[in-house]
Amino acid sequence: MTKAMDMVRASRDPQRKKSYDYIKYLCDPFVEMHGDRLFADDDSIVGGIGSLGPYSVMIIGQQKDRNFGMPNPEGYRKVLRLAEYAEKFKLPLITLIDTPGAGCGIEAEERGQASSIANCICRFSSLKVPSLAIIIGEGGSGGALALSVTDEIWMLEKSVYSILSPEGFSSILWKEPSKKDEAAELMRLTSYDLMEDGFVEKIIKEDGGEIYNLKNEILNFLDKSYSVSIEKTLKKRYDKYRKILGG
């Protein structure tokens with residue numbers, strides 16, 4: 001099997017498709033929505049309403065080529081606003097995750113970065129609409145978690161999902177960032193590791209047709225979601241994260 005650090009490198013490839021590439025293919029039309037109604041619009045978050053087959057959906061993605069895909073607090077407040085809009089109008093919520101982590105720095109903290117992420121996690125856990133998170137590249141730290149407390153989590157085959165980068169893990173554990181390859185193996189951050197450990201429900205093969213395959217899989221997910229009551233959906237979501245947390 002491919003080494004974990006090779007998967008990390010693949011997930012960071014600058015030529016890798018970005019969120020907006022997927023949104024343009026999945027949704028026709030797509031109407032983008034802007035702003036957090038408090039401070040500013042963060043363009044590292046792309047979100048809005050789209051038609052996906054016969055369904056209207058709310059789709060939100062992290063755009064890796066804008067501020068490295070690292071949203072600031074206003075970005076997460078935009079996510080929260082759109083998620084609440086989805087619930088109000090009974091739109092399934094789909095998120096596309098591709099970030100090394102949330103924006104950092106004094107200004108982000110002054111504007112409430114930690115609380116904006118926490119509010120997203122809390123609100124996502126109780127949304128009364130079907131929800132799906134798809135890791136399309138690098139899913140790192142709370143910046144990724146804020147968009148992934150959903151009914152199901154899927155990963156593209158060459159994506160990764162972890163609490164921090166292998167370089168960061170290596171620096172903390174061994175005080176030596178050069179041991180990132182060893183750290184990546186220990187972290188079990190690849191799609192296959194996380195499927196085996198029960199964190200994700202589906203892996204989308206990257207064989208050249210992943211966009212086409214992803215669209216069909218999402219349509220199947222939506223078909224099934226509409227056949228289940230929201231009460232059962234909430235119970236299943238609750239059980240999923242209690243199990244992950246060992247509860």
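In the predicted model examined here, helix 3 and helix 5 run roughly parallel to each other, because their axes cross at roughly 20° and angles under 35 degrees are counted in that class. Helix 3 spans residues 73-88 and helix 5 spans residues 113-126, and the two axes come within 8 Å. The crossing of this pair is left-handed. On the side of helix 3, the contact is formed by Pro 73, Tyr 76, Arg 77, Val 79, Leu 80, Ala 83, Glu 84 and Glu 87, while helix 5 contributes Gln 113, Ser 116, Ile 117, Asn 119, Cys 120, Arg 123, Phe 124 and Ser 126. Sorted by class, the residues of this contact comprise 8 nonpolar, 4 polar and 4 charged ones.

A second helix pair is formed by helix 1, residues 4-11, and helix 8, residues 180-187, whose axes come within 7 Å and cross at roughly 95°. Helix 1 and helix 8 are therefore described as roughly perpendicular to each other. Ala 4, Met 5 and Arg 9 of helix 1 meet Lys 180, Asp 181, Ala 184 and Glu 185 of helix 8, and this contact holds 3 nonpolar residues, no polar residues and 4 charged residues.

In soluble globular proteins, nonpolar side chains tend to be buried together. In the present model, the largest nonpolar core contains 31 residues, of which Met 58 and Ile 60 touch the most other members. Two or more residues are given to this core by each of strand 3 (55-62), helix 3, strand 4 (93-99), helix 5, strand 5 (131-140) and strand 6 (152-156). The largest share, 6 residues, is supplied by helix 3, the helix that also packs against helix 5 as described above. When neighbours within four places in sequence are set aside, Met 58 is in contact with Met 33, Gly 48, Ile 49, Leu 82, Tyr 85, Ala 86, Leu 91, Pro 92, Leu 93 and Ile 94. Apart from the largest core lies another one, made up of 24 residues that include Leu 96, Trp 154, Ile 204 and Leu 214.

A further site concerns Thr 233, which is located in helix 11, residues 230-244. Thr 233 has a relative accessibility of 9% and is therefore counted as buried, since the cut-off for that class is under 20%. With residues up to four places away in sequence left out, Thr 233 touches Asp 151 and Val 228.

How values were computed: Residues numbered from 1 in each chain as written. Predicted model: local features only at pLDDT ≥ 70, side-chain atom pairs only at ≥ 80, totals over all residues. Heavy atoms only, no water. Axes fitted to C-alpha atoms, helices over the stretch in contact; angles between N-to-C directions. Helix = DSSP H or I, 4+ residues; strand = E, 2+ residues; numbered from the N terminus. Parallel < 35°, antiparallel > 145°, perpendicular 65-115°, else oblique. Left-handed = near helix turned anticlockwise from the far one by under 90°. Contact = heavy atoms within 4.5 Å. Nonpolar A, V, L, I, M, F, W, Y, C, P; charged D, E, K, R; others polar. Buried < 20%, exposed > 50% of the residue type's maximum accessible area, 1.4 Å probe, protein only. Core = buried A, V, L, I, M, F, W, Y, C linked by side-chain atoms within 4.5 Å.
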